[in-house]
Amino acid sequence: MTQPLSVQLYTVRDALSADLPGTLRRIASIGYTNVEAFGFVDRAEELRDALAAAGLQVPSGHARLLDAGEQDLERIFHASVTVGLGTLIDPHIDEARWTTREDVEAIARELSALAPRAADHGLVLGYHNHAFEFSNRIDGVSAYEVFADALSDDVVLELDTYWAKVGGDDPVAVLQRLGDKVQFLHVKDGDGSHDDKQQVAVGNGVMPIRDIVAAAPDALHVVELDDHEGNVFQAVADSYTFLEGARA
């Protein structure tokens, strides 16, 4: 059975800053039952309470792990449990580390080494990509897939399908190669450029959305717009409508 849609809260970050409870209620009124958290470590209890009031679940959240010191890691794990996350995803590891096989495999080892500690808190770890993991090639293969091959089995992937395409890869083919290692998809649309403001509601851009979601039907599909020229809530609502139809 297809999982309920999620939305990355970074999409509505300005509204969240102004009115956290009201923004979450608005997301829920569109039909979303899941959200993906970001920037939650310093406001975990506030976010937990607002999510509960809006009737939203939070299966996943973003926090930078490999950049964190020991004390910060424990704060991140504790905040993740407080909010109610199941999967904690590192959203960015410095681009300079993705140029050689040795560096990429070292990233995989570092993240894999944290997985047992996260599991002690009931958390699964994951990683979310940008474009550079795909545009950087190592022996003819994207740095991303070198990384995926080196990861331990208990670390999952959240494939940002848009940035995979911007980085020069076919996200459908990537999904077919990686299979169920990809547990989360960032589903977004736009003109396929690096310009965040050209991102649009899912279904209104150049991305092969139907093929993407069909290639990973069991993953959790997370709508995101990094930026948008129009009304972002309308784009989030239109994305929901399109994906509900595309996944039927």
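Okay, one definition before anything else: a residue is called buried when its relative accessible area is under 20%, and exposed when that value is over 50%, with partly exposed in between. Keep that in mind, because I107 has 0% relative accessibility, so I107 counts as buried. I'll come back to that residue in a bit.

One caution too: what you're looking at is a predicted model.

So, the big picture. The protein chain has 11 helices and 10 strands. How compact is the chain for its length? Its radius of gyration is 17 Å, close to the 18 Å that the globule rule gives for 248 residues, so the chain is as compact as a globular protein of that length. If you lay the C-alpha trace along its principal axes, it spans about 45 × 40 × 35 Å.

Now, the inside and the outside. Buried residues make up 52% of the 248 residues. The chain exposes about 10400 Å², and carbon and sulfur atoms supply 47% of that. Then there are the contacts: take those with a separation of 6 or more, and 77% of them are between residues 24 or more positions apart. As for charge, there are 19 positive and 42 negative charges, and their mean positions are 2 Å apart.

Let's zoom in on helix 3, residues 44-54. Which of its residues are buried? They're A44, L47, A50, L51 and A54. They cover an arc of only 135 degrees around the axis, which puts them on the same side of the helix. Flip to the other side of helix 3 and you find E45, A52 and A53, which are exposed. And what do the buried residues pack against? Helix 2 (20-30), strand 2 (34-38), strand 3 (57-62) and helix 4 (70-83). Right after helix 3 comes G55, with a positive phi near 75 degrees.

Just ahead of that helix, take a look at F40. You'll find F40 in the loop between strand 2 and helix 3. Is F40 buried or exposed? With 0% relative accessibility, F40 counts as buried. Leaving out residues up to four places away in sequence, F40 touches L47, G61, H62, A63, I76, A79, S80, V83, L85 and L88. L47 should sound familiar: it's one of the buried residues of helix 3. For a sense of distance, F40 and R26 are 14 residues apart along the chain, and their C-alpha atoms are separated by 19 Å.

Back to I107, as promised. I107 lies in helix 5, which covers residues 101-120. Which residues does I107 contact, if we set aside its neighbours within four places in sequence? Those are L66, I93, R97, W98 and F147. There's also L151 to compare with: I107 and L151 are 44 residues apart along the chain, yet their C-alpha atoms are separated by 8.7 Å.

Next, a pair of residues around strand 7. D139 is in the loop between strand 6 (137-138) and strand 7 (141-142). D139 isn't a glycine, but it has a positive phi of about 55 degrees. Its relative accessible area is 65%, so D139 is exposed.

S142, in strand 7 itself, is another story. At 1% relative accessibility, S142 counts as buried. Not counting residues up to four places away in sequence, S142 touches E133, F134, N136, R137 and D169. How far is S142 from G168 in space? They're 9.2 Å apart, C-alpha to C-alpha, with their positions 26 residues apart in sequence.

Last stop: G179, in the loop between helix 9 (171-178) and strand 9 (182-187). This one falls in the in-between class: G179 is partly exposed, with a relative accessible area of 35%. G179 and I212 are 33 residues apart along the chain, and their C-alpha atoms are separated by 12 Å.

So, if you remember one thing, make it helix 3: its buried residues sit on the same side, while E45, A52 and A53 are exposed on the other. Find it in the structure and have a look for yourselves. Thanks, everyone!

Methods
Residues numbered from 1 in each chain as written. Predicted model: local features only at pLDDT ≥ 70, side-chain atom pairs only at ≥ 80, totals over all residues. Heavy atoms only, no water. Helix = DSSP H or I, 4+ residues; strand = E, 2+ residues; numbered from the N terminus. Rg over C-alpha atoms; globule rule 2.2 N^0.38 Å. Buried < 20%, exposed > 50% of the residue type's maximum accessible area, 1.4 Å probe, protein only. Contact = heavy atoms within 4.5 Å. Areas by Shrake-Rupley, 256 points an atom, 1.4 Å probe, with all protein chains shown as cover. Lys, Arg positive; Asp, Glu negative; His and termini not counted. Charge placed at Lys NZ, Arg CZ, Asp CG, Glu CD. Arc of directions from axis to C-beta.
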